[in-house]
Amino acid sequence: DPTDDDTDEIKNIVLDVAGNYYENLQQGIQNNIDSNRDASEEDQQGARDEFIKQEAEAFAGLLNIATKPEEVTDEQIVQSVDAVLQSTVCLETVTQTVSNNDSLVEMVQDATEGMNANQKAEIKNKLNEALEENPEMEEHYNTLAELFGITLGGK
């Protein structure tokens, strides 16, 4: 059974993630508003709703991996990584949180240790594709890869 220490650790991580996520989400919403400034009000609302929905899905997937690793399937992990790669807010949040919490890395690595090789390869491919498209985000992608014990690129 997980000890109380583990439970406290998870709570701290979740609070840390949620705090970073909230700050990043506010910034992301503002950026979304700025970039859709010339759109109709309806389109602006649609873009904002879509942005928030995408971010929320990515965030929910991440929290599941961190807090209930034994219930998460390999496929859900792959989908979660995919969602995070498509989300700026979650990606930044992951990077910040990982920098602040070694135990988060351990938890996710424990959760994904038994992951089948095909799915791990799938995650690696998604990360490498994202890296090719957005080389300026390399640090974020490497941090995400680190969570799964994956090394990006040809290294």
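This section describes helix packing and selected residue environments in a predicted model.

Helix H2 covers residues 41-67. With 27 residues at 1.5 Å a residue, H2 should span 39 Å. Its end C-alpha atoms lie 38 Å apart, which agrees with that expectation. The buried residues of H2 are Gln 44, Arg 48, Phe 51, Glu 55, Ala 58, Phe 59, Gly 61, Leu 62, Ile 65 and Ala 66. An α-helix has 3.6 residues a turn, so residues three or four places apart point the same way.

H2 packs against H3 at an angle of about 135°. The two axes are 8 Å apart. H2 and H3 are therefore oblique to each other. Their crossing is left-handed. From H2, the contact draws on Ala 58, Gly 61, Leu 62 and Ile 65. From H3, Ile 77, Ser 80, Ala 83 and Val 84 take part. By class, the residues of this contact divide into six nonpolar and two polar, with no charged residue. Ala 58, Gly 61, Leu 62 and Ile 65 also appear in the buried set of H2.

Helix H3 comprises residues 74-85, and the loop between H3 and H4 holds Ser 87. Ser 87 counts as buried because its relative accessibility is 1%. Leaving aside neighbours within four places in sequence, Ser 87 is in contact with Glu 55 and Ala 58. Both of these partners are buried residues of H2. Ala 58 also belongs to the contact of H2 with H3.

Helix H4 spans residues 88-100. Thr 93 is placed in H4. With a relative accessible area of 2%, Thr 93 is buried. Its contacts, apart from neighbours within four places in sequence, are Val 17, Asn 20, Tyr 21 and Asn 24. Helix H1 is formed by residues 4-35.

H4 also packs against H5, which covers residues 102-112. The angle is about 110°, and the axes are 5 Å apart. H4 and H5 are therefore roughly perpendicular to each other. On the H4 side, the contact is made by Thr 97, Val 98 and Asn 100. On the H5 side, Asp 102, Leu 104 and Val 105 contribute. These residues divide into three nonpolar, two polar and one charged.

A further partner of H4 is H7, residues 138-147. The axes of H4 and H7 come within 9 Å and cross at roughly 65°. The crossing is left-handed. Leu 91, Glu 92, Val 94, Thr 95 and Val 98 represent H4 in this contact. They meet His 140, Tyr 141, Thr 143, Leu 144, Glu 146 and Leu 147 of H7. The contact has six nonpolar, three polar and two charged residues. Val 98 takes part here and in the contact of H4 with H5.

Within H7, Leu 144 was examined individually. Leu 144 is buried, with a relative accessible area of 1%. Beyond neighbours within four places in sequence, Leu 144 is in contact with Val 81, Val 84, Leu 85, Leu 91, Val 94 and Leu 127. Of these, Leu 91 and Val 94 are among the H4 residues that meet H7. Val 84 is one of the H3 residues in contact with H2. Leu 127 is one of the buried residues of H6. The C-alpha atoms of Leu 144 and Asn 101 are separated by 13 Å, with these positions 43 residues apart along the chain.

Helix H6 runs over residues 117-133. H6 has 17 residues and reaches 24 Å from its first C-alpha to its last. This is close to the 24 Å expected at 1.5 Å a residue. Gln 119, Ile 123, Lys 126, Leu 127, Asn 128, Ala 130 and Leu 131 are buried in H6. The buried residues pack against H3 and H7.

Gln 119 gives a view of the H6 surroundings. At 13% relative accessibility, Gln 119 counts as buried. Gln 119 touches Asp 74, Glu 75 and Val 78, not counting residues up to four places away in sequence. The C-alpha atoms of Gln 119 and Val 78 are separated by 6.7 Å, although the two residues are 41 residues apart along the chain.

Asp 6, in H1, has a relative accessibility of 39% and counts as partly exposed. The C-alpha atoms of Asp 6 and Val 72 are separated by 18 Å. Along the chain, Asp 6 and Val 72 are 66 residues apart.

Note on methods:
Residues are numbered from 1 along each chain as its sequence is written. This is a predicted model: local features need pLDDT of at least 70, side-chain atom pairs count only at pLDDT 80 or more; totals for chains, interfaces and linings use all residues. Side-chain values use heavy atoms; hydrogens and water are left out. Helices (H or I, at least four residues) and strands (E, at least two) are DSSP runs, numbered from the N terminus. Buried means under 20% relative accessible area, exposed over 50%, partly exposed in between (1.4 Å probe, protein chains only). The expected span of a helix is 1.5 Å times one less than its number of residues. Axes are lines fitted to C-alpha atoms, for helices over the stretch in contact, and angles run from 0 to 180 degrees between N-to-C directions. A crossing is left-handed if the near helix is turned anticlockwise from the far one by less than a right angle, and right-handed if clockwise. Contact means heavy atoms within 4.5 Å. Ala, Val, Leu, Ile, Met, Phe, Trp, Tyr, Cys and Pro count as nonpolar, Asp, Glu, Lys and Arg as charged, and the others, Gly among them, as polar. Angles under 35 degrees count as roughly parallel, over 145 as roughly antiparallel, 65 to 115 as roughly perpendicular and the rest as oblique.
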